[in-house]
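Biologist: Before any term is accepted, I should like to see the values set against the criteria. May we go through the model in that manner?

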Amino acid sequence: MPQGTTPQWQAPSADLTPVDTFGMQSTPSHDVEAEAAVLGACMYQAAVIDEVRQALEPGDFYRPAHTTIWHALLELRQQGAPADPIALAHHLRSHGDLARVGGAPYLHTLASAAVAGSGAEYYADIVRHHADLRMLQSTAIRVLQGATAPGADPAEVRSLLATSLSEAADRARRSSAGRLQRYAVDGWSFVADTQATTEPVWGTPGKAAWASGESLMLVGPPGVGKSTIAQQIVLARLGLIAQVLDMPVREGEKVLYIAADRPSQLARAFTRVVHQADRDVLRRRLVFWSGPLPASLNTEPQLLAELAAEHGADTVVIDSLKDVVGKLTDDEAGLAYNNARQQLLRDGVELLELHHQRKQGPDVSRTQRPVLDQVYGSAWYTAGAGSVLFLSGAAGDPVVHLHHLKTVDDEIGPLPVIHDHPRGTSRVDTSLDPLTLLRQTGSGGLTARELSTQITGENKPSTADIARARRRLEALTKSGHAIQETGAGGGTGGGQATRWKATSRHITAVS
């Protein structure tokens with residue numbers, strides 16, 4: 001239905017005449033367009049009927065014609081028959097109801113009120129909302145009539161009010177039962193059905209940069225290659241490449257890329273990495289949303305999941321967060337966005353978010369390990385993310401550093417990343433790989449402090465950096481690539497530190 005137009009409803013409806021209640025003209029609360037959207041969505045996809053019937057009762061429709069059509073849809077669904085306008089018209093005709101609801105043309109008008117079944121539950125909530133108001137209005141009228149009748153008995157009026165309110169409460173429980181039960185599971189199933197190990201979208205089991213069911217946030221200042229890496233991940237999700245930064249990416253089905261920030265520049269960047277041979281894949285499996293969203297996600301959290309469902313995407317990329325949330329520093333906005341994020345993840349859609357850091361002073365070292373506090377905005381953005389990767393460096397730097405600030409399981413990196421800007425590709429600089437550095441030392445080996453110094457570029461690495469270097473050396477020992485020589489204890493300034501050396505077979509292999 002084109003935006004701004006109103007369908008010409010043809011169904012006979014004597015119930016639209018305003019009602020005179022105690023001298024006041026009023027029309028019962030209703031939304032005919034929402035009713036049409038619900039019925040039209042059910043015609044597009046019969047399975048939608050199962051979702052809608054959890055929220056609506058037949059009497060919730062304001063127009064009698066819509067109630068009749070809803071009954072027919074339920075019967076078709078029970079029979080396992082199609083619910084499209086043709087099948088629906090045949091069913092109504094066989095029961096003598098087709099002319100009464102407005103004929104076959106009206107059914108096609110209803111079908112045009114929805115797009116491929118999108119938003120049926122949302123519109124059903126609107127229909128139920130108005131039905132609730134009509135019921136409460138009817139209750140108020142009955143109570144008022146009882147209270148103003150000649151010889152009214154207060155006890156009887158109170159009894160009428162209590163009964164009416166009880167009926168309204170029962171109806172509310174019935175109509176909300178589907179929503180209250182939809183995502184509820186028993187305790188054992190919740191625990192037992194959860195995978196024991198993380199399923200990586202990007203990375204390997206036990207060392208995931210991006211885990212399925214959890215969002216990945218890629219953070220950094222402008223110009224350090226966030227979009228460049230995101231583009232490569234997108235291509236990998238489409239099956240056009242296999243790895244990004246030496247880590248495998250699991251192929252998906254369809255990607256929705258929300259290019260809210262400088263879409264023209266992003267389009268030019270994509271021309272570096274796609275080719276004519278990729279045309280069919282990109283047409284079928286990649287959708288770009290160009291420019292701002294219809295509303296900020298902090299004001300309409302359900303919008304993100306609706307967009308993914310509308311385009312059939314199993315992966316969403318947001319480029320970037322500042323363009324889809326109203327006020328990043330506001331905690332309420334952060335909580336609302338996390339609601340949008342979690343709704344999307346609950347629907348089984350993977351999420352990659354590009355974001356920015358806080359402004360840093362000129363004296364901050366480029367190789368200094370960043371922290372989560374450097375991520376711009378409310379802490380709720382990182383709190384709800386599954387993994388946070390941070391690219392540090394200056395705009396246009398050919399070499400930047402990738403830090404894993406919030407991990408899924410084992411930490412990745414820090415990794416020196418080399419961007420090939422003309423080609424739009426990125427690779428890990430293996431010259432700072434711990435095993436490479438260990439092999440270069442020969443029989444001398446390295447201590448955890450010495451390895452940390454080489455990786456960070458800091459003459460006095462922090463205790464945390466040394467601990468991370470130690471864990472990486474211990475991992476090499478466990479995999480058989482290194483041997484550990486435990487140092488001797490001693491007093492202040494005495495003793496020998498533990499050293500690690502590359503195993504001889506691996507030295508031979510690269511000599």
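Biologist: How many salt bridges does a search of the whole structure find?

Modeller: The structure is a predicted model, and the search across the whole of it finds 18 salt bridges.

Biologist: What makes the contact between E350 and R250 a salt bridge?

Modeller: The criterion asks for a side-chain nitrogen of Lys or Arg within 4 Å of a carboxyl oxygen of Asp or Glu. For the side chains of E350 and R250 the N to O distance is 3.9 Å, so the pair qualifies as a salt bridge.

Biologist: Why is this pair said to tie together parts that are 100 residues apart in sequence?

Modeller: E350 belongs to strand β11 (residues 350–355), whereas R250 sits in the loop between β7 (247–248) and β8; the pair therefore ties together parts 100 residues apart in sequence.

Biologist: Which strands form the open sheet, and in what order?

Modeller: The order is β9-β8-β10-β11-β5-β12-β13-β14-β15, nine strands with mixed pairing.

Biologist: Why are β9 and β15 called edge strands?

Modeller: β9 (286–290) and β15 (425–428) each pair on one side only. On average, neighbouring strands of this sheet are turned by 20 degrees against each other, with direction ignored.

Biologist: How do you know that β8 and β9 are paired?

Modeller: Pairing requires at least two bridges between the strands. Strand β8 (residues 255–259) and β9 have five bridges in the parallel sense, so the requirement is met. Within this region, Y257 stands opposite F288 in β9.

Biologist: Which helices pack against these strands?

Modeller: Helix α10 (residues 263–270) lies across β8, β9 and β10 (315–319), at about 130 degrees to β8. Helix α12 (residues 303–311) also touches β8, β9 and β10, and its direction makes about 130 degrees with that of β8.

Biologist: What does the search for cavities of 30 Å³ or more find?

Modeller: One such cavity is found in the whole structure. The largest cavity holds about 60 Å³ of space. It is called a cavity because a 1.4 Å probe fits there but cannot get out.

Biologist: Which residues line the largest cavity, and which helix gives the most?

Modeller: The lining consists of P414, S452, I455, T456, D465, R468, A469 and R472. Helices α16 (448–456) and α17 (463–478) each supply at least two of the lining residues, and α17 gives the most, with four.

Biologist: What is the chemical character of that lining?

Modeller: The lining of the largest cavity divides into three nonpolar, two polar and three charged residues.

Methods: Residues are numbered from 1 along each chain as its sequence is written. This is a predicted model: local features need pLDDT of at least 70, side-chain atom pairs count only at pLDDT 80 or more; totals for chains, interfaces and linings use all residues. Side-chain values use heavy atoms; hydrogens and water are left out. On a 1 Å grid over the protein atoms alone, a cavity is a set of points where a 1.4 Å probe fits but cannot get out, and a pocket is an open set with protein on both sides within 12 Å along at least five of seven lines; lining residues have an atom within 4 Å of a point. Grid points are joined across faces, edges and corners, and a volume is the space filled by probe spheres set on the points. Ala, Val, Leu, Ile, Met, Phe, Trp, Tyr, Cys and Pro count as nonpolar, Asp, Glu, Lys and Arg as charged, and the others, Gly among them, as polar. Axes are lines fitted to C-alpha atoms, for helices over the stretch in contact, and angles run from 0 to 180 degrees between N-to-C directions. Contact means heavy atoms within 4.5 Å.
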